[in-house]
Amino acid sequence: MRYFIETYGCQMNKAESSALETICAERAWQLTEDFETANLIIINTCSVRITAENRAWARISHFAAMKKKRHFTLVVTGCMAERLKHEMREKQPAIDYVLGNFQKQAFGLILDASEAGKNSVVIEESPVFEFAKSHWESGSFRAFVPIMHGCDNFCSYCIVPYVRGREISRSPGAVMEELAALSARGVKEVTLLGQNVNSYSYGTGLQRKTFPDLLEHIAAHIQRGGIERIRFVTSHPKDLSEETLRVLAANPVFARHIHLCVQHGSNAVLHAMNRNYTVESYIALVELVRKYLPDASLSTDILMGFPGETEADVEATLALMKAVRFAYAFMYHFNPREGTPAAAMDNQVPSALKLARLARVIALQKEIGSALMQSFLGREMLVLVESLSRKNEAEILARTDQDMMVVCPGPATLIGSFVKVKLLSLRGNTFRGIIVA
Ligand code: SF4
Ligand code: F3S
């Protein structure tokens with residue numbers, strides 16, 4: 001039996017698609033890139049913006065039309081499935097299963113039913129959230145390991161707390177077990193995943209383990225010659241503690257890069273967003289990061305055009321960007337998300353203004369990012385070789401600790417290993433270099 005899977009949204013969704021693939025592999029189902037021949041099609045959806053949902057609906061309609069010509073099982077899962085669980089099949093009856101975020105563990109039942117030629121099987125909500133095991137593909141040297149799930153923050157523009165539920169943390173034992181298994185399979189770089197990794201909290205009382213406890217435990221038990229670089233996403237500025245920075249500084253296995261979503265540079269907008277920090281506390285945190293990790297790069301998310309945003313708020317954001325100097329930023333404009341408080345705010349910013357403000361932020365970041373990267377030229381850095389360069393097969397593409405990309409001459413045999421490169425020049429957002437060791 002063959003399956004086809006399409007994934008939208010964040011790393012968490014990608015990790016969960018991988019887990020669905022593991023369930024398929026356990027039942028000897030084969031992945032196909034050709035949906036025309038698949039016995040089962042899975043669309044793992046995202047709800048973060050209405051555009052993401054529209055794209056998923058377009059794909060669902062496409063596959064629904066295909067069902068008129070041949071039989072296969074159509075499964076929709078992920079955050080949109082969670083949000084619209086009860087309406088999706090009414091709107092599109094060709095969908096066989098709508099699998100919410102808390103039902104994914106039951107996916108095997110659908111495979112079994114599909115194999116038996118049955119059209120439906122009842123899928124229960126799981127009473128406790130079960131963390132998906134990371135899927136590992138033969139030859140792969142990077143993996144994502146979920147350590148916590150859900151979000152308690154309720155930023156006023158965000159759908160995640162509604163579709164992913166409250167924060168739940170995975171036991172340190174289960175995390176370590178998975179890291180050991182990945183390490184044994186040759187994985188070199190792992191990204192610890194969670195909507196809000198800094199609020200990791202497992203157990204109670206004296207037994208409680210926090211995020212820095214988990215990091216320290218990982219650093220102490222990681223096998224030499226196995227996993228050599230560990231990243232994590234996503235960090236909320238209100239929860240990144242000095243203790244975490246101390247642990248990171250003491251353990252070079254943690255990559256010198258922190259993605260610290262600021263979202264905006266105006267206190268009034270941060271307050272309206274319900275972010276629970278101020279520009280001043282964010283800058284103080286950045287200073288603390290630089291004190292403990294002078295070599296670390298910082299990246300961020302910036303959301304422009306939030307309801308009520310004034311010209312002065314835009315200027316404040318530009319000023320914050322100049323003060324912090326992010327290596328890179330994911331910049332986007334506010335899109336009202338149905339079901340969140342911000343969508344109901346009556347002081348929405350007109351679309352053209354949102355776009356114009358976003359363009360200013362993007363232009364400034366381009367300048368800052370490029371100047372920052374220029375300052376790295378001439379340095380030697382340890383990089384993990386990820387693939388061959390897309391443009392030239394005699395060149396490799398590698399990633400620095402600071403999450404910057406480097407292209408340099410080198411053979412495919414280096415893929416998956418760490419090498420030292422000297423950064424010689426810059427083209428766009430990518431360094432060009434040579435291998436020195
Ligand atoms: Fe959404 Fe805010 Fe939670 Fe991030 S911290 S997932 S933006 S509610
Ligand atoms: Fe999208 Fe859900 Fe991730 S809304 S961004 S797939 S948490």
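**Close-up 1. Strand β9 and its two neighbours.** In β9, leucine 193 is the bridge partner of proline 146. We're looking at a predicted model, in which local features need pLDDT of at least 70, side-chain atom pairs count only at pLDDT 80 or more, and totals for chains, interfaces and linings use all residues. Residues are numbered from 1 along each chain as its sequence is written, chains are lettered from A and ligands numbered from 1 in the order in which they are written, and side-chain values use heavy atoms, with hydrogens and water left out. Strands here (E, at least two residues) and helices (H or I, at least four) are DSSP runs, numbered from the N terminus. Two strands pair if DSSP finds at least two bridges between them. Strand β6 (residues 142–146) pairs with β9 in the parallel sense, over five bridges. Strand β12 (residues 229–233) is also joined to β9 by five bridges, and these two run parallel. Look for glutamate 189 opposite arginine 229 of β12.

**Close-up 2. What covers β9?** Five of the five residues of strand β9 (residues 189–193) are buried, where buried means under 20% relative accessible area, exposed over 50%, and partly exposed in between (1.4 Å probe, protein chains only). Both faces are covered: Glu189, Thr191 and Leu193 sit on one side, Val190 and Leu192 on the other, and all are buried.

**Close-up 3. The open sheet and its edges.** Five strands line up in the order β2-β1-β3-β4-β5, with parallel pairing, to form an open sheet. At the edges are β2 (30–31) and β5 (97–99), each of which pairs on one side only. Zoom in on β5 and you'll find three bridges joining it to strand β4 (residues 73–78), with the two running parallel. Threonine 77 stands opposite leucine 99 of β5. As a reminder, strands of a sheet pair through backbone hydrogen bonds, either parallel or antiparallel.

**Close-up 4. The shell around ligand 1.** A residue is near a molecule if one of its heavy atoms lies within 4 Å of it. For ligand 1, that picks out Cys151, Asn153, Phe154, Cys155, Tyr157, Cys158, Val160, Pro161, His236 and Arg275. Sorted by class, the shell has seven nonpolar, two polar and one charged residues; Ala, Val, Leu, Ile, Met, Phe, Trp, Tyr, Cys and Pro count as nonpolar, Asp, Glu, Lys and Arg as charged, and the others, Gly among them, as polar. Phenylalanine 154 deserves a second look: its phi is positive, near 50°, in a residue other than glycine. Phenylalanine 154 belongs to the loop between β7 (148–149) and α6 (160–164), and is partly exposed, with a relative accessible area of 30%.

**Close-up 5. The shell around ligand 2.** Around ligand 2 are Cys10, Asn13, Cys46, Ser47, Val48, Cys79, Val160, Arg164 and Gln195. By class, that makes five nonpolar, three polar and one charged residues.

**Close-up 6. Helix α11, one side in and one side out.** The 14 residues of α11 (residues 279–292) should span 20 Å at 1.5 Å a residue, and the end C-alpha atoms are indeed 20 Å apart; the expected span is 1.5 Å times one less than the number of residues. Buried in α11 are Val279, Tyr282, Leu285, Val286 and Val289. They cover an arc of only 120° around the axis, so they sit on the same side of α11; the arc is that of the directions from the helix axis to the C-beta atoms. Glu280, Glu287 and Lys291 are exposed on the other side. The buried residues pack against α9 (242–250), β13 (257–259), α10 (267–273), β14 (297–304) and α12 (311–324), with contact meaning heavy atoms within 4.5 Å.

**Close-up 7. Helix α12 and the residue after it.** Among the buried residues of α12 are Asp313, Val314, Leu318 and Met321. Down the axis of α12, its buried residues fall within an arc of 155°, so they line one face of the helix. On the other side, Ala312, Lys322 and Ala323 are exposed. The cover over the buried residues includes α10, α11, β14 and α13 (351–374). Right after α12 comes arginine 325, with a positive phi near 60°.

**Close-up 8. Backbone oddities in two loops.** Most residues other than glycine have a negative phi, and most peptide bonds are trans. The bond from valine 233 to threonine 234 is cis, with omega near 0°, and threonine 234 lies in the loop between β12 and α9. Asparagine 276, in the loop between α10 and α11, has a positive phi near 65° and is exposed, with a relative accessible area of 54%.
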